[in-house]
Amino acid sequence: MYTPLLTKSAYSFLEGASLPEEFVEEAHVHGLRALAITDRDGVYGVVRAHVRAQELGVRLITGATMSIDDGSFVTLLAQNRAGYANLCRLITRGRLRRPKGECSVSRDEVCELSADLIALWNGDYYSGASLRAAFEDRLYALVTRHRRADEVEAEERLRADARKLGVPVAGAVEVLYHTPARRPLQDVFACLRAGRTLHNAGTCTKPNAEHALRAPTAFRQLFEDDPDAIARTVEIADRCTFSLEQVRYRYPSERLPDGKTSMEWLRELTFRGAGARYGDDVPADVRAQLDRELGVIDQLDYPGYFLTMWEIVEFCRREGILCQGRGSAANSAVCYCLGITSIDPVRMDLLFERFLSVERHEPPDIDLDIEHERREEVIQHVYAKYGRSHAAMVANVIRYRRRSAIRDVGKVLGLPETALDRLSKLAHRFDSGGGWDALLTDAGLDKDARENQLLIELVEEIRDFPRHLSIHPGGFLLGHEPVDTLVPIENGAMEDRTVIQWDKDDIESLGLFKVDLLGLGSLTLCHESFRLLRAHRGLEMGLATVPPADALTFDLMCRGDTVGVFQIESRAQMAMLPRLRPRTFYDLVIEISIVRPGPIAGDMVHPFLRRRRGEEPVEYPHPSLEPVLKKTLGVPLFQEQVMKLAVVAADYTPGEADQLRRDMAAWRKHGKIERHRARMTARMKAKGIAGEFAERVFEQIRGFGEYGFPESHAASFALIAYATAWLRCHHLDVFTCALLNAQPMGFYSIATIVDDARRHGLEVWPVSVVHSAWDCTLEKLRGDRFAVRMGLRWVKGLGVADGERILDAARDEPFVDLGDFVRRTGLGEKQLTALGECGALEALSAGRRGALWDVWKHVHDPRNGLPLREGEAGSEFDELQPFEALAWDYRASAHSARGHPLEAVRDQLDEQRLVSASGLRGMRNQAYAQSAGLVICRQRPGTAKGVVFLTLEDETGFVNVVVWEKVFERFATLIKAETFLAVAGKVQSEDGVVHLVAQRLWVPRLEERPGPVVSRDFH
């Protein structure tokens, strides 16, 4: 028996060609008792290896191969918890001093942090001498063999140096893949690292396939001349007793300045908050729930975590930053009373165990949504409060998807760049478009060519492998002990960001504490709206003071008139709203949740709608399920309901029900959900529940694996959805201005937002250097009405600094003319041309063509735009025609405040009998119709069985087009490539929702075609 001591997984990023768990599984197959994972300059993959090793009974040794600043390497293995902390500190030092992706430590630093580490050395005598002094009997010379002739001489030198230093020798293979079949993939990684193709790889690839994990017999044969070197691998493994289980992080309960414990302070804050939420007389059921939750928090010793979250929320309140907790935290009454969340879980009967469970004994995970433009302030506050050593952001491992794999593998294979570009752009169609053969054919490639077959094999093999490390959108690992004793910290790509080497799944697996500070554009929209209301209408408002249960707001939702409204603005939501017709807050909670793959895959949507409309009786499969399903008319729609069903109908404990929820989320990855099928269905049937219902519930559980929405999450989102709908309904001018200033966010382009606002009667005025600020602003009309003035930010090619120069110059005194503007702003020709093309200079010059000519003169005339000499004639240009003006607007600013591109050609469209969107809405069901519009959205949901949905836009609104799979195949090129389409087919009109079911598509004949528009495609 032996122990592999030098194993580099795919988390050595473009070096190892097998995943950590694959090494563990292969070691188990070979009967190996232990295995070391020693990735290059990091411990990125050890958690995944640890989890699999525990499942299979293989002992994992944690280590890393460190890059020394002299170009050499040393492999370090953690003997115990202290040794692991030193390893993490060493990696942190090497990473933080180098740019992202690089690491370098000195030999002196290795020696300084050598305690409780074993070093495996294979360098020169000099390096060995310094390591020997520091590591003493924990230093081993590591002889590696890969059946290469050049290794013989190097091994003799190493053995001679080891004898001089009195250092024992251990044997190893540098393991880069768990099976020789992965050798081609490792070659690809090596070429990517070196920036070469396979044809000119040279020495960057390994000369043979001897870097696989060997079986004990094969390893003995490799080192049959030195059995002691084999025995020492086991000796080293026995000396390493460290396990990642010892890294269970404990968030300590501190003594507070006034002598209270953290738990006492948390209890005081909670009941103080309860008084603010409920008044002096806190209801008995709320008190009971708070006592129960606080008991669990105390038992699990988590008060410090809740105090941390409370402190962050208090910081946001002090600074006027909108924030709101969501996710499973909304199931907690403690979070509600602390002001972290805004949903009352007692009144909504939410399941606390979805958030925190003694059985699960895992830390809570609170997501805090923050207005996205101010999230960085909160992040830097956390860094400042805890210090860089005690706070770091969680990693996000970017993995190979089919598109990125095609590009990288194709590059290494030397395939033409144009062919790879075409193929990668079509990759999104793979799952629903006929597989590789269809993909290659559509890209113009020979599907039978050997190089293309090799591309397919390698792309499929590399998919889901780690590509590089990024930063989680907002996850923080916080600690009252240095984080770099738990996991190494390194620099992020963003300035002032440091990130740990583990992602959120790793954090969850080890039970570490994570805080999620997430940016949410809709909170920025709300904050900006409230600011504008205060400034222009004198209204002081906030999320908590938006008038509830407003009938006009629900009327707006029932019409599906929700462009820009949080969560309910997509084509699918707009189609569902007139069918579900929400009239209460809880209706909105259901609306947000029902247009999701979970309920759709579980065939729960139509039964719910029929019951809501009274077309089908509300029935319960068993009397015991009525309390669970009553709110949703006997149809399970939420994760919490599925968990309660498991408890009530299948006798699960709350902790087991949460495990069911976790298995739901990971069923595609691990397939663990299947182990619940027989248990759940059998127990439901035993209680007299129909087998058909039991199977449907289980299928919905599988659907939730795709995207299961918890009720608490939906309720948190419903608050913001209602607020944004109310703002759109009652203050469209404010709402539109704020929505434009909060971009990028939401579902629609700036052009669609502007056109929709104009259709609703709002005046939108174009960009002007005389009147515009950087952001969009409100300009007074008559009465209480305002127009929206577009901001300078929407001029393509104009930067923030350019905008500041314009505004700074304008503050001194108004611009006299264009020459004055050019001189005082000092803008370059590129920026001035951009302003001229979008019409922003029209207040200072006659017409856009004239403005561009004057700009050129002022920039290039040595007189710098001095007044014309007496008798010198100016230049005259034709005015732009309306269609030309719109085209210039779109080219220069991606929108037009002057009109819609199809307004100017409506006569031509009418001549071709192409009905407008408003005309289509007045047609009877099943009527034949033709319509045309700009393509603003293309969708192909996985739950739609190959159906493609298009959204076309004209000057009167949207045309929702349904394209069945066979029709899509006929017109696929047109649908994917054209930005202006005509459609002929049958009108489908039901419950006020109108679709055009396509039979034929084409590009209408126009004297001048509209320019390209921004569309949201296949998301």
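This report walks through salt bridges, one helix pair and a surface patch in a predicted model.

**Salt bridges**

Let's start with charge pairs. Side chains of opposite charge can pair when their charged atoms come close. In this model the count comes to 79 salt bridges. Three of the pairs are set out here, each with its N to O distance.

| Basic residue | Acidic residue | N to O distance |
|---|---|---|
| Arg 48 | Asp 506 | 2.9 Å |
| Arg 182 | Glu 461 | 3.4 Å |
| Lys 447 | Asp 448 | 3.7 Å |

Take the pair in the top row, where the side chains of Arg 48 and Asp 506 meet. Arg 48 belongs to helix H2 (residues 46-56) and Asp 506 to helix H19 (residues 504-510), so this salt bridge ties together parts that are 458 residues apart in sequence. Arg 48 has a relative accessible area of 14%, under the 20% limit, and therefore counts as buried. Asp 506 is also buried, with a relative accessible area of 2%.

The salt bridge between Glu 461 and Arg 182 links distant parts of the chain too, with the two positions 279 residues apart in sequence. Glu 461 sits in helix H18 (residues 450-462), while Arg 182 is in the loop between strand S6 (169-172) and helix H7 (183-194). Here Glu 461 is partly exposed at 26% relative accessible area, whereas Arg 182 is buried at 11%.

Next comes the salt bridge of Lys 447 with Asp 448. Lys 447 is partly exposed, its relative accessible area being 30%. Asp 448 reaches 58%, which is over 50%, so this residue counts as exposed.

Salt bridges also join up into a network, whose members are Lys 8, Glu 15, Arg 40, Glu 174, Arg 193 and Lys 206.

**A pair of packed helices**

Two packed helices are described by the angle between their axes and the distance between the axes. For helix H22 (residues 571-580) and helix H25 (residues 605-612), the angle is about 30° and the axes are 10 Å apart. Angles under 35 degrees count as roughly parallel, so H22 and H25 fall into that class. On the H22 side, the residues in contact are Met 576, Arg 579 and Leu 580. They meet Val 605, Phe 608, Leu 609 and Arg 612 in H25.

**A nonpolar surface patch**

Finally, have a look at the surface around Trp 853. Together with Trp 856 and Phe 877, Trp 853 forms a nonpolar patch there, and the three residues have about 300 Å² of accessible area together. Trp 853 lies in helix H38 (residues 848-860). Its relative accessibility is 32%, so Trp 853 counts as partly exposed.

Key:
Residues are numbered from 1 along each chain as its sequence is written. This is a predicted model: local features need pLDDT of at least 70, side-chain atom pairs count only at pLDDT 80 or more; totals for chains, interfaces and linings use all residues. Side-chain values use heavy atoms; hydrogens and water are left out. Patches are made of residues with over 30% relative accessible area and no salt bridge: like charges are joined within 9 Å, nonpolar side chains (Val, Leu, Ile, Met, Phe, Trp, Tyr) within 5 Å. Accessible areas come from the Shrake-Rupley method with a 1.4 Å probe; for residues, only the protein chains shown count as cover. A salt bridge is a side-chain nitrogen of Lys or Arg within 4 Å of a carboxyl oxygen of Asp or Glu. Helices (H or I, at least four residues) and strands (E, at least two) are DSSP runs, numbered from the N terminus. Buried means under 20% relative accessible area, exposed over 50%, partly exposed in between (1.4 Å probe, protein chains only). Axes are lines fitted to C-alpha atoms, for helices over the stretch in contact, and angles run from 0 to 180 degrees between N-to-C directions. Angles under 35 degrees count as roughly parallel, over 145 as roughly antiparallel, 65 to 115 as roughly perpendicular and the rest as oblique. Contact means heavy atoms within 4.5 Å.
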